[in-house]
Amino acid sequence: MGRLIVVSNRVPVPDRNGNPPAGGLAVAVHAALQSDGGIWMGWSGETTEGEPGPPTVRQEGNISYVLSDLSQTDVDEYYNGFANRVLWPIFHLRLDLAEYARREMAGYFRVNRLFAERLVPMIQPDDVIWVHDYHLIPLADELRKRGVTNRIGFFLHIPWPPADIMFAMPIYDTILRSLASYDLIGFQTDYDLENFIGCLRREGCGDQIRGPDGGDIAVGNNTGAGSWIRACGRDFAAAAFPIGIDTARFASLAARVTARGQVRDMRRSLEGRALIIGVDRLDYSKGIAQRIDAYERFLQNNPDDRERVTMLQVAPKSRSDVPEYRAMQDAIATQCGQVNGRHGTINWVPIRYVNRSLSRAILAGLYREARVGLVTPLRDGMNLVAKEFVAAQDPEDPGVLVLSRFAGAARELAGGAVFCNPYDTDQTASAIAQALSMPLAERQERWQRMMGRLLDYDITHWCRDFMTALRQGTDRA
Ligand code: ADP
Ligand code: G6P
């Protein structure tokens with residue numbers, strides 16, 4: 001079997017002992033690379049003043065990490081610009097936040113060309129290439145232009161928007177058509193797949209689109225089954241592969257840390273109050289402002305619960321060079337201060353706000369301490385926090401997940417989570433109240449349903465499914 005070559009904007013480089021970072025994706029993909037040997041290529045995270053030099057290569061076992069520096073102009077145009085000021089907002093349905101600049105679009109394609117040029121000399125005939133996320137959509141097209149005929153797969157970690165939104169993006173057609181250069185395209189949910197197929201149809205470039213049974217495309221619960229598409233002169237497959245987490249490992253981590261240092265101190269500091277937790281990168285797609293509004297509404301509607309609950313919002317800074325993100329930092333801090341000022345007492349702070357990253361162990365312990373997990377994105381490809389929250393719970397006394405119906409995870413966690421519409425402040429406030437007052441037997445029953453799914457379809461399963469489909473290729477087309 002050929003090697004695996006993974007390409008992503010960020011590369012989870014192992015520590016000095018060769019261990020990958022603790023995130024599920026890094027561990028699972030690292031394991032896949034380790035078994036057949038391979039390369040993980042991407043941005044080093046470093047910027048240079050002038051033109052970047054050649055990539056650095058670090059060998060760990062039979063994996064080569066190939067890291068390219070980028071110039072400040074590249075980072076501004078490709079990462080802060082087109083990827084995070086055009087693709088990210090549009091794919092999260094925020095046309096109002098998209099800022100188009102021709103120069104940044106050009107920078108996006110230039111960096112994709114640079115990655116392709118660096119990759120081509122390393123590719124061997126049997127290698128399989130797996131590209132991740134919206135930063136690198138045109139990469140396969142650039143590789144094909146350079147004569148690469150290997151199987152190339154793409155997984156989109158974020159949502160795919162409906163045609164009406166997608167088509168508002170200048171050069172949407174170049175982006176859409178460039179995807180036909182892949183052999184397999186993976187989406188988080190079948191809604192995303194349906195939107196993608198809708199775009200191909202509306203664009204008139206889906207010459208032939210068939211469902212897994214050979215009939216017309218059936219968009220339903222067809223996880224991993226996929227569609228076979230002939231478009232833009234190529235045959236390729238597209239399917240939903242909802243990403244999982246390292247469920248069993250995360251659950252055991254959470255069980256181990258509850259008695260330890262910071263988690264134990266935090267529990268003591270609650271003085272018996274129920275903990276409501278939110279954990280998100282500081283990103284407008286996460287609905288943090290709407291969540292705080294809903295929590296305040298809950299306090300207003302349930303005066304008896306004041307001083308009996310504490311909300312902890314953990315939100316590390318993210319993409320701070322993008323103006324919309326910078327503006328959010330001040331806005332959320334101000335909002336938390338206002339809620340605390342309005343409702344706090346000399347003995348009680350309604351919201352604790354932590355503006356930084358925590359270790360996975362502490363995070364797991366905090367999830368387990370919480371009676372309610374608030375995961376209320378306005379739009380999210382999957383949302384791993386929702387899955388981590390569930391995995392971390394104590395089976396004897398589990399907390400309740402309040403989940404936005406607009407998170408990709410909503411499909412899999414139906415029947416367990418309390419759903420909310422984050423745009424509806426009253427409804428989210430009621431969902432918080434319902435979660436806090438839920439009887440133990442119902443909490444256990446809901447948790448078991450969700451945990452069963454998360455154990456069955458964990459990150460290793462996800463990685464294996466995608467790789468199997470990619471290696472099989474489009475033979476069925
Ligand atoms: P996104 O990928 O958009 O940030 P996800 O919820 O899918 O959203 O994944 C976020 C990941 O980052 C999760 O694994 C989560 O545990 C981690 N994370 C989020 N906030 C923090 C934090 N404050 N400290 C450490 N890890 C965090
Ligand atoms: C999302 C994206 C990832 C990205 C991550 C963190 O999960 O899908 O591709 O790496 O956010 O964002 P950052 O811009 O810091 O890489």
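1. Start with Thr56, whose bridge partner in strand 4 is Leu67. Strand 3 and strand 4 (residues 63-71) pair in the antiparallel sense, with five bridges between them. Two residues sit between the strands of this hairpin, and Gly61 takes a positive phi near 60° there. As for strand 3 (residues 56-60), is it enclosed or in the open? The number of buried residues among its five is zero, so strand 3 lies largely in the open. Keep in mind as you look that this is a predicted model.

2. Now step back to the whole chain. Its secondary structure comes to 17 helices and 16 strands. The C-alpha trace spans about 70 × 55 × 45 Å along its principal axes. For 477 residues, a compact globule would have a radius of gyration near 23 Å, and the chain agrees with that, at 23 Å. Buried residues make up 48% of the chain. If you take the contacts with a separation of 6 or more, 75% of them are between residues 24 or more positions apart.

3. How is the chain divided? There is domain 1 (4-244 + 459-472) and there is domain 2 (247-455). Their centres, taken over C-alpha atoms, are separated by 30 Å. Where the two domains meet, 16 residues of domain 1 are in contact with 16 residues of domain 2.

4. Next, the nonpolar core. In soluble globular proteins, nonpolar side chains tend to be buried together. Here the largest nonpolar core has 149 residues, and Val7, Ala386, Leu401, Val402, Leu403 and Ile432 are those with the most contacts inside it. Helix 2 (residues 72-91) gives the largest share of this core, 10 residues. Each of domain 1 and domain 2 supplies at least three residues to this core. Have a look at Ala386: beyond its neighbours within four places in sequence, Ala386 is in contact with Val375, Leu401, Leu403, Ala407, Ala409 and Leu413.

5. The open sheet of six strands is worth tracing by eye. Its order is 13-12-11-14-15-16, and the pairing is parallel. Which strands stand at the edges? They are strand 13 (351-354) and strand 16 (418-420); each has a single partner strand, so one side of each is left without a neighbour in the sheet. On average, neighbouring strands here are turned by 20° against each other, direction ignored. Inside the sheet, strand 14 and strand 15 (residues 400-404) run parallel and are joined by four bridges. Across that pair, Leu374 stands opposite Val402 of strand 15, and Val402 is also among the residues with the most contacts inside the core.

6. Several helices go with this sheet. Helix 15 (residues 425-436) lies across strand 11 (274-279), strand 12 (309-314), strand 14, strand 15 and strand 16, and its angle to strand 16 is about 165°. Then there is helix 12 (residues 360-369), which is largely enclosed by the rest of the structure because seven of its 10 residues are buried. Those buried are Leu363, Ala364, Gly365, Leu366, Tyr367, Arg368 and Glu369. Their cover includes helix 8 (247-257), helix 9 (261-270), strand 11, strand 12, strand 14 and helix 13.

7. Phe298 gives you a contact from far along the sequence. Phe298 belongs to helix 10 (residues 288-301) and is buried, with 23 other C-beta atoms within 10 Å. Apart from neighbours within four places in sequence, Phe298 is in contact with Ala429, Ile432 and Ala433. Phe298 and Thr428 are 130 residues apart in sequence, yet their C-alpha atoms are 8.3 Å apart in space.

8. Last, two backbone oddities to check. Most residues other than glycine have a negative phi, and most peptide bonds are trans. Cys232 has a positive phi, near 50°, and is found in the loop between strand 9 (227-231) and strand 10 (234-240). Asn383 also has a positive phi, about 85°, although it is not a glycine; its place is the loop between strand 14 (372-375) and helix 13 (384-391). Which of the labels buried or partly exposed fits Cys232? Cys232 counts as partly exposed because it has 19 C-beta neighbours inside 10 Å. Asn383, with 26 such neighbours, counts as buried.

Definitions and conventions:
Residues are numbered from 1 along each chain as its sequence is written. Chains are lettered from A and ligands numbered from 1 in the order in which they are written. This is a predicted model: local features need pLDDT of at least 70, side-chain atom pairs count only at pLDDT 80 or more; totals for chains, interfaces and linings use all residues. A nonpolar core is a set of buried Ala, Val, Leu, Ile, Met, Phe, Trp, Tyr and Cys residues joined through C-beta atoms within 7 Å. A residue is buried if 20 or more other C-beta atoms lie within 10 Å of its own, exposed if 12 or fewer, and partly exposed in between; C-beta atoms are placed from the backbone. Domain bounds come from an automatic or database domain assignment. Two residues are in contact if their C-beta atoms, placed from the backbone, lie within 7 Å. Two strands pair if DSSP finds at least two bridges between them. Axes are lines fitted to C-alpha atoms, for helices over the stretch in contact, and angles run from 0 to 180 degrees between N-to-C directions. The radius of gyration is taken over C-alpha atoms; the globule rule is 2.2 Å times the number of residues to the power 0.38.
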